[in-house]
Amino acid sequence: MTEINDNLKTTVNVSSEYGRLNAVLLHRPGIEIERMTPDNANEALYSDILSKHIVDKEYSSFCGVFEKWTKVYYVEDILADLMDNDDVRQVIVTKSCQLDGCEHIIDELMCHPSDQLAKELIEGVPFHGDTDPQSFKESRFTLKPLYNLFFTRDASSSVYNEVLINSMSFKVRERETLIYKFIFEDYFRANTFCAQDKNPNARTEGGDVQIAGPDLMCIGLGIRTNYKGIKFLADKFAQERKHFRILVQELPHKPDSFIHLDMVHTFLGSHQCMVYQPMLDKVGRFTGKSTTLIELDNGKMKVSECDNILQGLKLCGMDMEPVFCGGYDSWYQDREQWHSGANFFALGDGKVIGYERNLYTIENLNNAGFSVLDADDVCSGKVNLNDYEKFVVTVKASELPRAGGGARCMTMPINRD
């Protein structure tokens, strides 16, 4: 574990997708990702199983770039720190065990050292035949591993100076929200809010939440974020602000590569965005999928339809130049979108990171003025990011994309300029 030395903790403040990144929350994938089999991968929301020794190398390059650029917090380190607080420890352990139906191990876990307990909450607690009911034997784990935790984007979202604790659509991810709630409330001292506190059927997930600007949010409406979740956000901002806008893009429910808005649209900067072209053209799986602008003005709500997300952004004062995921051939567009070719994360305005494997996407970025930099060169110090006005850092990755997410999925920004 890396010792945390943070006397002046970062304040949560994110008012855009592309302001210079000052702090980010990451999670190094641990042995929890090896605790999947072909039989339980679907339950864990994976379409395949991963090789950790390859993931370790790929993720090392990924997080190494962030460590060269900004302040990086790691989930496991903060969680271990929180476990030193007996009250927090009691709540997290008790609720985690209740969610997984293993209340009988609460007392045992409460006695474990903080570092060990943090690992167990993430990596799971193996079945013990002499103490556990036989009902846990088949899964091999009494407390289940958090297979998806390295997708730090999904379970929480920095929304201006607060944190939205997301109401996850699948039970396997519910315990993640518990951990993030305490991380942001007890470690960062941030105010949190959650759609399920108002409506138990409301759903939001971080991959669908994009902070386009100080008074504009883009939201994906699909299998993970529903109408009730969007209504919750609209009601909240209608009460708190005189003027606010929410641009809603409807997504296909299948296949899994379209689970979130950031799989088809991400901001590259203040004037450019990465887009999956069929979403703009409303063809293929996006035929008939709506783009809706919700305008909140002094408590009144106006709803109108847009041709596509670019037109909606333009109506809100953001004239964006699209860069197409996969280039201009529909076959390559589909292939590269499948492996998170539209899922970029902005370190700053015109400064992004993504997967090297999506060759046509990277070529399009280069043609749009982005210098192509290798993540390993950044990590080694061979390349200094501050020497470039616009860049895309490319991460060599074959295993990480198979988990179903990209650079934005794996990052939770805490503070931006």
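This is a short talk on a predicted model of one protein chain, going from the whole fold down to a few single residues.

Let me begin with the chain as a whole. If you follow the structure from one end to the other, you pass through twelve helices and 20 strands. The radius of gyration is 21 Å, close to the 22 Å that the globule rule gives for 417 residues, so the chain is as compact as a globular protein of that length. Along the principal axes, the C-alpha atoms fill a box of roughly 60 × 55 × 45 Å.

What share of the residues is buried? Of the 417 residues in the chain, 59% are buried, and the accessible surface comes to about 17400 Å², with 47% of that surface belonging to carbon and sulfur atoms. If we take the contacts with a separation of 6 or more, 73% of them are between residues 24 or more positions apart. As for charge, the chain has 45 positive and 62 negative charges, and the mean positions of these two groups are 4 Å apart.

Now let us turn to one helix, H2, which covers residues 75-82 and is mostly covered, with seven of its eight residues buried. Those buried residues are Val75, Glu76, Asp77, Ile78, Leu79, Ala80 and Leu82. Which elements do they pack against? The buried residues of H2 pack against two strands, S1 (21-26) and S2 (71-74), and against the helices H3 (86-99), H5 (114-123) and H6 (174-187).

Within this helix I would like you to look at Glu76, which is buried with a relative accessible area of 17%; the cut-off for calling a residue buried is under 20%. Apart from its neighbours within four places in sequence, Glu76 is in contact with His27, Ala118, Lys119 and Ile122.

Strand S1, which we have just met as a packing partner of H2, also leads us to the strand S20. Four bridges join S1 to S20, and the two strands run antiparallel; in one of these pairings, Ala23 has Asn415 of S20 as its bridge partner. All five residues of S20, which spans residues 412-416, are buried, so this strand is largely enclosed by the rest of the structure.

Next comes a hairpin, made by S5 and S6 with two residues between them. The two strands run antiparallel and are joined by four bridges, S6 being residues 162-165, and Ser156 stands opposite Ile165 in S6. In a regular strand, the side chains alternate between the two faces of the sheet. For S5, residues 156-159, both faces are covered: Ser156 and Ser158 are buried on one side, and Ser157 and Val159 are buried on the other.

The turn of this hairpin deserves a careful look, and a general remark will help. Most residues other than glycine have a negative phi, and most peptide bonds are trans. Tyr160, however, has a positive phi of about 60° although it is not a glycine, and this residue lies in the loop between S5 and S6. Is Tyr160 buried or exposed? With a relative accessibility of 6%, Tyr160 counts as buried.

Lys282 is another residue with a positive phi, here about 55°, although it is not a glycine. You will find Lys282 in the loop between helix H8 (277-281) and strand S13 (291-297), and it is buried, with a relative accessible area of 19%. Asp281, by contrast, lies in helix H8 and counts as partly exposed at 43% relative accessibility.

There is also a peptide bond to note: the one from Lys254 to Pro255 is cis, with omega near -5°. Pro255 lies in the loop between strand S10 (243-250) and strand S11 (265-267).

Finally, let us look at Leu293, which has its place in strand S13 and is buried at 3% relative accessibility. Leu293 and Glu305 are twelve residues apart in sequence, and their C-alpha atoms are 6.1 Å apart in space. Leaving aside neighbours within four places in sequence, the contacts of Leu293 include Arg245, Ile246 and Leu247, and also Lys302, Val303, Ser304, Cys306 and Cys316.

Notes
Residues are numbered from 1 along each chain as its sequence is written. This is a predicted model: local features need pLDDT of at least 70, side-chain atom pairs count only at pLDDT 80 or more; totals for chains, interfaces and linings use all residues. Side-chain values use heavy atoms; hydrogens and water are left out. The radius of gyration is taken over C-alpha atoms; the globule rule is 2.2 Å times the number of residues to the power 0.38. Buried means under 20% relative accessible area, exposed over 50%, partly exposed in between (1.4 Å probe, protein chains only). Contact means heavy atoms within 4.5 Å. Accessible areas come from the Shrake-Rupley method with a 1.4 Å probe; for residues, only the protein chains shown count as cover. Lys and Arg count as positive and Asp and Glu as negative; His and the chain ends are not counted. The place of a charge is taken as NZ of Lys, CZ of Arg, CG of Asp or CD of Glu. Two strands pair if DSSP finds at least two bridges between them.
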